Structure formats: structure tokens, C-alpha cells
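Student: Could you take me through a close look at one part of this model, and then set that part beside the rest of the fold?

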Amino acid sequence: MKIQRLFIYPVKSLRPVEVSAAEITNEGLRFDRQYVLVKPPTEQQPLAEHITIKWRFDLGLFHTTIDKAWSKLTITHSQAQERKTLVVPLTPSPLSLLDAKVFEVSTFGTKAPGIDMGKEASDFFTHHLNMPTRLLYIGGNGQREIPGAVYLPSTTRALSISVNNKLSPQKIRFADAAPLLITSTASEEDARRRLPPSARGEDVIVRFRPNVHVDVAAEVDPYNEDSWNMLTIRSRVDRAQQVSVRCLFRTVRCLSLNADLAKGGMISTNRQLYGLLAKDRRTNELFPHKPVFGQYACAGPSGAVLRVGDEVEVTERVNGSGSSMSPAVQEALAVEEYAAR
């Protein structure tokens, strides 16, 4: 098995940037989900509300590119006749943000400060989304706690999860639930076969929004990743580098699977992957009505680089069919439950 594709999402819910290499940090891949679009707070709603492709399928019309110097992020609206592009720093200078407004953003119950990127960015997205919109950059220490609400509906407490006992606990930026999302080519092909023949040529995997897409060749069946617990990734460039990946949770999917990324609306019924997968992929017992595709995960050490073509080995699986929740998450939830008593 090997890494086939790598994706980072500089702005949450917009189209990804596909890369050949990506650096691991304690918050996921560098530059991933460091920006977020929000509705500005009001007297009735003091928190900025993040805007998501789950409900705004037209976010799929915004394409993102990074320049060769890795200094500028260009956002392009694929159907615009005017105000077609916006350019922002990939990593804003702290000095440029000194006087910027800061909004608190809550996602699944854990909060992070977001630094407003100004009027030009706001006007660009407000124009295209036809609603007041601000573009925020992750503030504070650049991280957010992992929310327990995603893993167990009854808790909104944060979770402390480590890849292993030698590495620091993981955090996230504006991602929903975990530093990484991992998918496999076997599962991709199964999803593709569910589509009508005329639609099977589309790039299916971009609808699932993974960070790491693993080519499993003919070695495993579709959805074999349901049982993955630990992976080891060995660099094709530096054989001394070894990355550990802990799978956390069978990823329950949302209505974003039904987005027509080319047109910015809902895709035709016979191509709606949410319903097509829900027929037999409701395999997360904690969310029995939602289809599952892929695994939330975390990886380390920080500073290591993943590359397309790196070797991937499953080094540990959950026992039998196993819980949808990894032992690491079960332990973290138990600790949080004990601490709350």
C-alpha cells in the first residue's frame, strides 16, 4: 500500500489544494483548515458561526491554489464574471494582524479565536455568497481542542488524544473533528460503482474531502480501513523517517456528499453518494443513521513529511469487527467522564 494522493484545505469547506508532499504538525497537515468563513456575530448570537459546505453547496465553486513560493493563497470563483479572484497570504504576518478584529468561533463545542482578514476578503465572499461573510485566520496559539461531541453525541467536552505515549497530544485548527481524514482506493472504487455509468468518470474522492488517500491496490477489500487502528508510513525519500498514524473513528458522513462541485448546487438524485452509501454503510453504531466512509486519524512526529508514493503498512487492527471508536478515543472519553464527576 502507498499514499496515492494528498490534500490540504487552506479554507475550511472550500476546494482543496492537491500536493505531492505535506508536513505533519500537531494540528494536522500544515496549512490545513487554517482559514474559516463565518457569519459575523450578533447580539442574539455572540459567537461567529462557521459556514459549511454541508449546507452551502456553492462553496464548492471556490477553488484554491498556492504559489510556488508557498506565500500566497489564491481563491477563485469558478463561475464568476466579476470579482473572480481573491489573494491572501498563506501565512499572514503577525504584524499585519495586530489591529484586526478577533471573533470566537465554536465548532462542535470547542472554541478558537479567529482573526478577521479585512474588508477586501469580506466583500469578496459577501458578494458571491449573498450574505454577510468574514474570512478568519486561526488565532491564539493556532489550535483548537478536539471535540468529544463528534465522537459521542452526549459529550461536548474536549478530548486529549496522542498518536503514542512518546508524542504530544493532538489538537486541530478549524477542522471538524480530527487532524486528518484517511480514505482508500478500494472504498473509492466501491463508491464509484454505485454511481450511474455516465457519472463514473468523475473524481469521486474529492467529494469525501480526505487528507490522505491510500492506494491499497488489490490487497484489501473496500472499507478494510474500518478495522485499521495503527499505520506506519515509511518515506520513499528518507528511509530513516517513520510516521505513526493512529486511526480514531469511522468517519460518519454528512450531506456535503451530495454537493455538485461543478455547479454549486445539489447533485442529481442518482448521484447522491449520501443515500447510495446509506443503503449498507451505516456501520458506526454511535451514529446508526449516517453512512461511514474513511477514518479520522492523527499522525506524528510533528515536522515529518508525507509524500505521494510513501509506503503505508497496517501495523495494528481493532479486534474482530471492533468498535467504530479506536481504543485511544475510548480511553480519552473515559478520562473525561471520570474528570467530570
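Tutor: R200 is partly exposed, its relative accessible area being 35%, and since the model is a predicted one, this value describes the prediction. The residue sits in the loop that runs between α2 (185–194) and β16 (212–215). Once its neighbours within four places in sequence are set aside, R200 is in contact with R192, R193 and L195. With L195 there is also a polar approach, in which a polar atom of the R200 side chain lies 2.8 Å from the backbone oxygen of L195. E189 stands eleven residues from R200 in sequence, and the C-alpha atoms of E189 and R200 are 9.2 Å apart in space.

Turning from the loop to the nonpolar interior, the largest nonpolar core holds 80 residues, of which L37, I75, F125, L135, F208 and L306 touch the most other members. For F125, leaving out residues up to four places away in sequence, the residues touched are L14, L37, F62, I75, L86, N130, T133 and L135. Apart from this core lies another, of 22 residues, with V150, V252, Y296 and C298 among them.

A further element is an open sheet of three strands, ordered β4-β3-β22 and paired antiparallel. Because β4 (28–29) and β22 (305–307) stand at the edges with a single partner strand each, one side of each has no neighbour in the sheet. Strand β3 (residues 21–25) runs antiparallel to β22 and is joined to β22 by three bridges; E23, for its part, has V305 as its bridge partner in β22.

Key: Residues are numbered from 1 along each chain as its sequence is written. This is a predicted model: local features need pLDDT of at least 70, side-chain atom pairs count only at pLDDT 80 or more; totals for chains, interfaces and linings use all residues. Side-chain values use heavy atoms; hydrogens and water are left out. A nonpolar core is a set of buried Ala, Val, Leu, Ile, Met, Phe, Trp, Tyr and Cys residues joined through side-chain atoms within 4.5 Å. Buried means under 20% relative accessible area, exposed over 50%, partly exposed in between (1.4 Å probe, protein chains only). Contact means heavy atoms within 4.5 Å. Two strands pair if DSSP finds at least two bridges between them. Helices (H or I, at least four residues) and strands (E, at least two) are DSSP runs, numbered from the N terminus. A polar contact is a pair of N or O atoms within 3.5 Å; within protein, one must be able to donate a hydrogen and the other to accept it, and residues adjacent in sequence count only if both atoms are side-chain atoms.
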